[in-house]
Amino acid sequence: GRKQDDLAGWALSPMAVELIRAQMLSVPSGHPLVPLRNATYVSMQAQLGCRNQEVWPVRWCAVNEAYTEIDEVLSYKQLDDGKTVGSHRNVPHSRMLAADLREWRAALGREGYPTGPKNFIFPGSLSGAWRGHALGHMTGGQAKKWGGRYFKPAAEAVEQKQRDKHPIGKATPYGLRRGAISLRIRAGEDRQIIAQECGTSVAVIDRHYSFALEGLRRDGPRDAAVEREEARRAVFGTLLLAA
């Protein structure tokens, strides 16, 4: 019942995702890479449909042009120790995310950060050499605070500007995962494949994403990549996909 009343914030649409990214990019920071880091993280979780704690420890070697390799992380405590456990899966992503990651990698390189295959996509030392885990990724504390420090203010700002269209002020980063799963259901993809690639079950999808199934029956399938690209163009006025 509660999620149905707050569906826009519970499962974020491609348009909401892009508005949050635009807000993040517009906010000045003490470090020139922080706004782009935040926007890239949102893009990555929104397209891969991962849990919050599955994105921070991904290394560059896990990223291919068409998919990203994910190893489940069970808790922030284990992420803090630099350990990943659980099922391994390959999650497909669009050319738009591939372009976002190329842009982020180039920006890291220009600022002198290592971007080799074994380096983490989101280095923990971005806000200071003394920060981050010794292995190079963000600590559990950093990852846990990120939502309140960066995501929540961005979502609230979007709602303040577009309350009627995008009432997402109470959204959390997990809404990126829910939105990704919902979008794939509405695109008419096989639920067994969605469940396998998102690390969940068909039973959970049936129980928690019935609204997306109803939308599919009512409106027919809508290509997820097309919806994301249309949202990017609507917010930023362009779509840069060149290598």
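Ala, Val, Leu, Ile, Met, Phe, Trp, Tyr, Cys and Pro are counted here as nonpolar, Asp, Glu, Lys and Arg as charged, and the others, Gly among them, as polar. The model is predicted, and local features therein need a pLDDT of at least 70, side-chain atom pairs count only at pLDDT 80 or more, and totals for chains, interfaces and linings use all residues. Residues are numbered from 1 along each chain as its sequence is written, and side-chain values use heavy atoms, with hydrogens and water left out.

The empty space of the structure was examined on a 1 Å grid over the protein atoms alone, where a cavity is a set of points at which a 1.4 Å probe fits but cannot get out, and a pocket is an open set with protein on both sides within 12 Å along at least five of seven lines; lining residues have an atom within 4 Å of a point. Grid points are joined across faces, edges and corners, and a volume is the space filled by probe spheres set on the points. A search of the whole structure yields one cavity of 30 Å³ or more, and the largest cavity holds about 100 Å³ of space. It is lined by 15 residues, of which Pro14, Val17, Ala46, Leu183 and Arg228 are the closest to its centre. Two or more lining residues come from each of helix 3 (14-26), helix 4 (34-48), helix 9 (174-186) and helix 13 (224-236), where helices (H or I, at least four residues) and strands (E, at least two) are DSSP runs numbered from the N terminus. Helix 9 contributes the most to this lining, with four residues, and by class the lining of the largest cavity comprises eight nonpolar, four polar and three charged residues.

The largest pocket encloses about 480 Å³ of space. Its lining consists of 26 residues, with Ala11, Ser13, Pro14, Arg186 and Glu227 nearest its centre. At least two lining residues each are supplied by helix 2, helix 3, helix 9, helix 12 and helix 13, and the largest share, six residues, belongs to helix 12. By class, the pocket lining has 14 nonpolar, five polar and seven charged residues.

Ten aromatic pairs are present, a pair being two rings of Phe, Tyr or Trp (its six-membered ring) with centres within 6.5 Å, and planes under 30 degrees apart count as stacked, over 60 as edge-to-face and the rest as tilted. The rings of Trp10 and Phe211 have centres 5.7 Å apart and planes at 80 degrees, so this pair is edge-to-face. Because Trp10 lies in helix 2 (residues 7-10) and Phe211 in helix 12 (residues 210-219), the pair ties together parts that are 201 residues apart in sequence. Both Trp10 and Phe211 are buried, a term for under 20% relative accessible area, whereas exposed means over 50% and partly exposed in between (1.4 Å probe, protein chains only). Trp56 and Trp146 also form an edge-to-face pair, at 5.5 Å centre to centre and 70 degrees between the planes, and both are buried. Tyr41, Trp56, Trp104, Phe122, Trp146 and Phe151 make up one aromatic cluster.

Zero disulfides are found, a disulfide being a pair of cysteine sulfur atoms within 2.5 Å. The sulfur of Cys198 lies 7.4 Å from the closest cysteine sulfur, in Cys50, which is too far for a bond. Cys198 is buried at 1% relative accessibility, whereas Cys61 is partly exposed, with a relative accessible area of 37%.
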